[in-house]
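Please read the following account with the sequence and the model side by side, moving from paired strands to particular points of the backbone.

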Amino acid sequence: MTQKFDFNDENSNTSNNPSFDSVLQARLSRRGVLRGSVGTVMLASVGLSACGGSDDAVAAPTAPSSTLLGFTAVSKSLTDAVLVPAGYTASVIYALGDPLTVSTAAYKNDGTDTDYENRAGDHHDGMEWFGLDASGKPSLTATDRGLLAVNHEATTDEKLSSFFLHANGGTSTLPRPAAEVDKETAIHGISVVEVKNTSSKWATVPSSAFNFRLTCLSEGIQLNGPARGNALMVTKHSTDGTKTRGTLNNCGTGKTPWGTFLTGEENWAGYFTRSATDDTTRGGATTKSVVALKRYGRNAGSGSRHGWETGGSDDKYARWDISQGTGTATDDYRNELNTFGYIVEIDAYDKTKTARKRTALGRFAHESAAFGKPVVGQPLAVYMGDDSRGEYIYKFVSTKTWATADANPTDRITTGDTYLDDGKLYAAKFNSDGTGNWIELTTSNPLISGYASYAFADQADVCVNTRLAADAVGATKMDRPEWCSTNVANGEIYFTLTNNSNRRVEPTGSQFAVDSANPRVYSDIKNGSSTQTGNPNGHVLRMKEGAAGNAATSFSWDVYVFGAESSAAPGTVNLSSLTDDQDFSSPDGLVFSPATGIMWIQTDDGAYTDVTNCMMLAALPGSVGDGAKKTLSYTKADKSILTVDTFVGKTPGDDKLKRFLVGPVGCEITGLCETPDGKAIFVNIQHPGETTAMANIADPTKYTSQWPSNAGYGAGKRPRSATIVITKNDGGKIGT
């Protein structure tokens, strides 16, 4: 198996923040001697008393009924296929390279295709539904016609080249040919495509005037919020710091209460290079720009993911080199990195509207953006996670309060200006007693204004260098906060914490100590021999806001479910008592259905892939506080005992959590949206066959996946990321 570099493994948080409230959560004693490779664990359980928006919060929730999760669980599988329960059908409708215009040639899938600006991009990720009525007008109730806004996060590569795109696999050395670079930049970004259900068959509409792409080179993306026009945003392309080109590494999504599409820019930093002498050119290691660049994973001498900067002398290649030149910021791209890493708002219904990067929501490795429940007269809240090891959970609270008239505005994107450009940004701190606090990130906070490691100039500086601001206030380091979603039944917010190989009982260097919200350290055996240590399987955490709702500065929390193999030790690893029909690893995508209330959990896993391909599960979660406090005990090297309290939700029985889908080989399951009646869901299958070796590009028999061609979709045998639609054969709601 070829080892691919995973940009999710970025680990640039070297702050000395405690991983948690160390005074409360860690109690050391000499109570006994326990042995194990990373510390043997004891567990006790006591009762936990109850503590006191959705992605599409405009829709009214439907209370779960006794028929929900009535399907038979799908078994774990290593087959190269999409498996769904009996009584359901999954069909491919939109794959890498599919035409978005009638004049674009059919996709050959042999590496000779071009014109990717008019085709589906690669690595389909987060996705949202935007309904259309029969006349082509926006509709909240349409179920047979609509637009899918789809993120195209990245591309499959082994070294530099996106090898499935090129006839011979492409060039894995520098410089990269311009023709290859131009293909690779074009398959990043987002697409909007019309889909229609005709005679119970869903398909895209290539002739639709709604179809469009934004790539990482699209002109005229507007910078909004506190950082607009700031010196930190000035580049050769935008000498006044008000715009940038394109959007990049788009992962999770969100849908605003006023009907626009939100896309999160995630692992964008790795696409840029810096010269080995750039620290010196910028003034040395303590210079502010150098401190900021390192905090975002761009050390001097860092190479770029694809070498796009070597494609030629044109400006579209030069922008990927962020080394400082001898002139001013208007002469080079020293600040180009600062123009990426935001939540971007797009009007899926109107491609003439300029997209906005919402800098007020902070800059980090964004996943999804989930709104709390809109309440008239109260501010809106947007919840976000930073997907890197040891990073933070955030919330933005608008200054403007919600008005019902804004649910159907005449100008959707400028409505977003009024809610998302002005407000308060917070980072989360979790306490060991099941409570937590939102700490405001503002220069009026003395922890930020007096931060010794970085001198913040203004609020724009806080929004551009949000990770440093969260360091300053002592936010809690988490196990890769990924997607978040709001429970339509009760407004509680759920976060997937995918995994963390750097969690340890006794951390050294860049490792993190266990804490109450990230309490597990254990060894997981893969393929009978490969040991993975830390928190390889991840967990799903949930939060309940205080009495002030969206504007609350305190919350309660627990862990809804811990990922684990069903056979793992119940008292140390499988804390949620998962069965064979429920066990999973590395939760990533997370979406609540407004139509049914089902929570869909999707995985992006490397720990359990010797047993099963990645999967999607359906859940009917309860509420924060419905479980118990549990105490984990670890033996340290000096034989003392470290105990960590955590709070675990009620064990999900087979009627509350079960596996619904397993994907093809090498894929990630990600992105989900549905028609308003809940009778069709759209799911993305990302990077099937990514474990294929670049050297085997000419031999399809050596591809680790041939999906979706082996499912009868499209030409060629090269694997393709794709969107599927799932329907129930009896016409019922999905998940019943």
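What follows is a walk through a predicted model, taking strands before loops.

A convenient place to begin is strand β14, which spans residues 343–346 and which has pairing partners in both β13 and β15. With strand β13 (residues 261–265), β14 pairs in the antiparallel sense over four bridges, and within that pairing G264 has I343 as its bridge partner. With strand β15, made up of residues 356–358, the pairing is again antiparallel and comprises three bridges; here the partner of I343 is R358. I343 therefore takes part in bridges to G264 of β13 and to R358 of β15.

How do the side chains of β14 point, and are they buried or exposed? I343 and E345 are directed one way from the strand, whereas V344 and I346 are directed the other way. This follows the general pattern, since side chains in a regular strand alternate between the two faces of the sheet. In β14 the residues on either side are buried, E345 being among them.

Further along the chain, strand β16 covers residues 366–371, and because six of its six residues are buried, the strand is largely enclosed by the rest of the structure. Its pairing with strand β17 (residues 379–386) is antiparallel and is made through four bridges; A369, for instance, is matched with M384 of β17.

The loops offer backbone features of another kind, beginning with two cis peptide bonds that each lead into a proline. The bond from L174 to P175 is cis, with omega near 0°, and P175 belongs to the loop that connects β6 (145–152) with α2 (178–186). The bond from W707 to P708 is likewise cis, with omega near 10°, and P708 is located in the loop between β38 (680–686) and β39 (722–728).

Two serines, finally, have positive phi values although neither is a glycine. S199, whose phi is near 55°, sits in the loop between β7 (189–198) and β8 (201–204), while S586, with a phi of about 60°, sits in the loop between β30 (554–562) and β31 (587–592). Which of these serines is buried and which is exposed? S199 has a relative accessibility of 72%, and because the threshold for an exposed residue is over 50%, S199 counts as exposed. S586, by contrast, has a relative accessible area of 0%, and since buried means under 20%, S586 is buried.

Notes. Residues are numbered from 1 along each chain as its sequence is written. This is a predicted model: local features need pLDDT of at least 70, side-chain atom pairs count only at pLDDT 80 or more; totals for chains, interfaces and linings use all residues. Side-chain values use heavy atoms; hydrogens and water are left out. Buried means under 20% relative accessible area, exposed over 50%, partly exposed in between (1.4 Å probe, protein chains only). Helices (H or I, at least four residues) and strands (E, at least two) are DSSP runs, numbered from the N terminus. Two strands pair if DSSP finds at least two bridges between them.
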